[in-house]
Amino acid sequence: MSAEATNPASPGPVINTVPRRKARPRIDLRRLGRAALLGPAARDRLPDAIGHVAEAHRAHYPDADLEPLRRAWVLAESSHRGQMRKSGEPYITHPLAVTLILAELGAETTTLTASLLHDTVEDTEVTLDQVGEEFGAEVRYLVDGVTKLEKVDYGAAAEPETFRKMLVATGSDVRVMSIKLADRLHNMRTLGVMRPEKQARIAKVTRDVLIPLAERLGVQALKTELEDLVFAILHPEEYDHTRELIVDNASRADDPLAEVTDEVRTVLRDAGIQAEVLIRPRHFVSVHRVARKRGRLRGADFGRLLVLVNEDADCYGVLGELHTCLKPVVSEFKDFIAVPKFNLYQSLHTAVAHTDGQVVEVLIRTHQMHKVAEAGVIALGNPYAPPSEEQQAANDGERADPTRPGWLSRLLDWQEGAPDPDTFWSTLREDLAQDREITVYRPDGGTLGLPDGATCVDAAYAQYGEDAHACIGARVNGRLATLSTALKDGDTVQLLMGQDVASEPSREWLEHAHTPAARIAIQRWIAAHPATGDGQGAKADEGAQSVRSAPPASGGTPGTPNAGDAPATPVVDQPGATVRLAGCCTPVPPDEVTGFSVRGGVVTVHRVECSAVAHMKSVGRAEVGVRWGDTTECRVTLVAESFGRPHLLADLTEAIALEGAEIVSATVEPPTQQRVRHTYTLQLPDAAHLLTLMRAMRNVPGVYDVSRAQHHNTTAF
């Protein structure tokens, strides 16, 4: 049977340091399971065992129709009758426990129905067709998905392919994974009599894949308990030490958390803010992490304060009161309401200092935020059904299901392109290791969800798939950026795409690719082109070498205009003076210009925005009036910056020629990070055509900027 379980090997209860809200008593699932099988239950009412599930379900859905649950219980109980778990318990206790976990978290009726039936198709004579006829296509689909997951062989060789199938099933309906996580939690609770090596193998898979998936789905209640169970199996000595720390702290007479709780309640009551203030003990793994980080633990390290309010605005009201009336630790403040985490999590995080110097962390959120923080996508009900008017009103301001079209949908896309199971497995684990997601914006207003640390390379493949091979650069927040640039949450990214359909990615991109979609697409291209060089970069470098070997067309220094030869004629208000155009800013008509007298009766002419003008004025040099004469022909030096690609130089020179300009000299510098700098000295028949020429050069694919040459020499005038 799929649910291998026996005597509990659970870590035991965490000892709370203060009383908490009254909750439903823990249900003895073993007793209820045995009672259900001792005799036939009345078919006209819910049996006691499933009655507890119904009670938990009605707490979240007061008007839920319980008839499907009753019928599912009847089918599951009768189908599993006589089957026993390895521990000697009736097998029905397992689907019952899984369903109760989901009911407590707020799963909707369809999920609970499928959960009760999730082992019937695999372990009994019930067929999928029977499930579909009795409960409908949706329940049938969920049961089928979970049944496929139950066939996972946890041997090392089988893991990659089986988990690929698991994620395909999950991506089709996230509720499949919700049932699987609850199923795994109950099995982990009852893992005790298995051989130690098998316990360790299952615990490692749980740690590496299922716990990160629970984090991605936002199901913190499942994630934290799974973490503690895995911790107890894989690190028993550290677990026992952590348990001793928690027990010792619970026996302390003084409790800074309780004292600060009373202070916070007083502050909020005086401010007229209705709030529930609770102490939220840390679970075992959290305490262990804090101990490793801080060394000796103090009372405030064993928990955090949780403040629950009714409205979003109240969260910020609480924050203001706490920061005003208590001593805040400003460096600990984080706003996950304005910028939610990728897994739906919303909360304000802050900290205040106790009188003895201990720092108490405080979480502030609404009741709805808390529900979502604990149960994640499970709290959304059926995430694929359109919300009712009541749900829209209740969830106003809350985020939608992140799996559509979030990380899970992206995962489905790239898993299809993984060249082999091992690549899929390693890439999956790397992707799940990312614990935070950022959102970046496209110029058209669309968004891209990416893992923290993603670069422009990742953004390109997220937006264009394999067409991103043609990406030649990006602008981040309006400024030019290399494809290796790391993106931040809220950045605006404009991806610059080349026109050549045969464009090739650079092998260097692998160093900057953090998402599976980018890495797998680049690796697939490299595998298909083993004899090809470095794509764009190599071809651009070849082109640059050929241009640099050519001498300048008119002699002189390549790339630098000979100002004395420029035909453009300025007229100065100083009779008999020799006029020279400044090489630092290369003025041409119709630039606004000014002049300064230098030795030998020479007047140098500068553009008015030239830095040399400000320098000359600062040292008291008098300006000389300058205007342009009738001659419109001019010579100018332009710098074009571009991304390397085949035929770029030919396209640029063609664009220049079409505007009637003559190339006097040209140089192309060696590519740097796939960027190429071209410098052209050009003869224009009419200075008025300069802006048109620059615009034509910018329109050449791959060119991202064209500017006038600037030489920062302010000493020679």
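Over which residues does the pLDDT stay under 50, and how many contacts beyond four places in sequence does the model have for them? Okay, hi everyone, let's start there. This is a predicted model, and the stretch in question is residues 1–46, with 108 of those contacts. There's another patch like that at residues 153–158, also below 50, with 9 contacts beyond near neighbours in sequence. Where pLDDT is low, the predicted coordinates should not be read in detail, so I'll leave those two stretches alone. For the protein chain as a whole, the average pLDDT is 77, and 74% of the residues score at least 70.

Right, the overview. We've got 717 residues in the protein chain, and 50% of them are buried. The secondary structure comes to 27 helices and 20 strands. If you take the contacts with a separation of 6 or more, 71% of them are between residues 24 or more positions apart. As for the surface, the chain exposes about 32600 Å², with carbon and sulfur atoms supplying 49% of that.

Let's go in from the N-terminal side. Find Leu66, in the loop between helix H2 (48–60) and helix H3 (67–80). Buried or exposed, do you think? Buried: Leu66 has a relative accessibility of 16%, and the cut-off is under 20%, so that's why it counts. Thr113 is 47 residues along in sequence from Leu66, yet the C-alpha to C-alpha distance is 9.6 Å.

Next, the sheets. One is an open sheet of 5 strands, and walking across it you go E1-E2-E5-E4-E3, with mixed pairing. Strand E1 (276–281) and strand E3 (334–335) are the edge strands, each pairing on one side only. Inside that sheet, look at strand E4 (residues 348–353) and strand E5 (residues 359–366): they're antiparallel, over 6 bridges. If you want a landmark, His349 stands opposite Leu363 in E5. Then there's helix H16 (residues 312–325), which packs on the sheet and touches strand E2 (303–309), E3, E4 and E5. The direction of H16 makes about 160° with that of E5.

Moving along the chain, there's a hairpin made by E6 and E7, with 5 residues between the strands. Gly445 in that hairpin takes a positive phi near 95°. Strand E6 (residues 437–441) and E7 pair in the antiparallel sense over 5 bridges, and the bridge partner of Thr439 is Gly449 in E7. Strand E7 (residues 447–451) has 4 of its 5 residues buried, so the rest of the structure largely encloses it.

Now the second sheet I want to show, towards the other end of the numbering. It's open too, with 4 strands in the order E18-E19-E17-E20 and antiparallel pairing. Why is one side of E18 and of E20 left without a neighbour in the sheet? Because strand E18 (662–668) and E20 stand at the edges, and each has a single partner strand. From one strand to the next, the twist averages 20°. E18 and strand E19 (residues 675–684) are joined by 6 bridges in the antiparallel sense, and Ser665 stands opposite Thr681 in E19. Two helices to point out here. Helix H26 (residues 648–658) packs on the sheet and touches E17, E18, E19 and E20, with its direction at about 25° to that of E19. Helix H27 (residues 690–698) also packs on the sheet, touching E17, E19 and E20, and its direction makes about 155° with that of E20.

Last topic: aromatics. The structure holds 5 aromatic pairs. One of them is Phe336 with Tyr345, an edge-to-face pair at 6.0 Å centre to centre and 70° between the planes. Phe336 is buried, and so is Tyr345. Another is Phe643 with Tyr704, which is tilted, at 4.8 Å and 50°. This pair brings us back to the second sheet, and it links distant parts of the chain: Phe643 sits in strand E17 (residues 634–643) and Tyr704 in strand E20 (residues 703–708), 61 residues apart. Phe643 counts as buried because its relative accessible area is 4%, and Tyr704 counts as buried at 9% relative accessibility. There's also an aromatic cluster, formed by Phe231, Tyr239 and Phe284.

That's my tour, thanks everyone.

Conventions:
Residues are numbered from 1 along each chain as its sequence is written. This is a predicted model: local features need pLDDT of at least 70, side-chain atom pairs count only at pLDDT 80 or more; totals for chains, interfaces and linings use all residues. Side-chain values use heavy atoms; hydrogens and water are left out. Buried means under 20% relative accessible area, exposed over 50%, partly exposed in between (1.4 Å probe, protein chains only). Two strands pair if DSSP finds at least two bridges between them. Contact means heavy atoms within 4.5 Å. Axes are lines fitted to C-alpha atoms, for helices over the stretch in contact, and angles run from 0 to 180 degrees between N-to-C directions. Rings of Phe, Tyr and Trp (its six-membered ring) pair if their centres lie within 6.5 Å; planes under 30 degrees apart count as stacked, over 60 as edge-to-face and the rest as tilted. pLDDT is the predictor's confidence in each residue, from 0 to 100. Accessible areas come from the Shrake-Rupley method with a 1.4 Å probe; for residues, only the protein chains shown count as cover.
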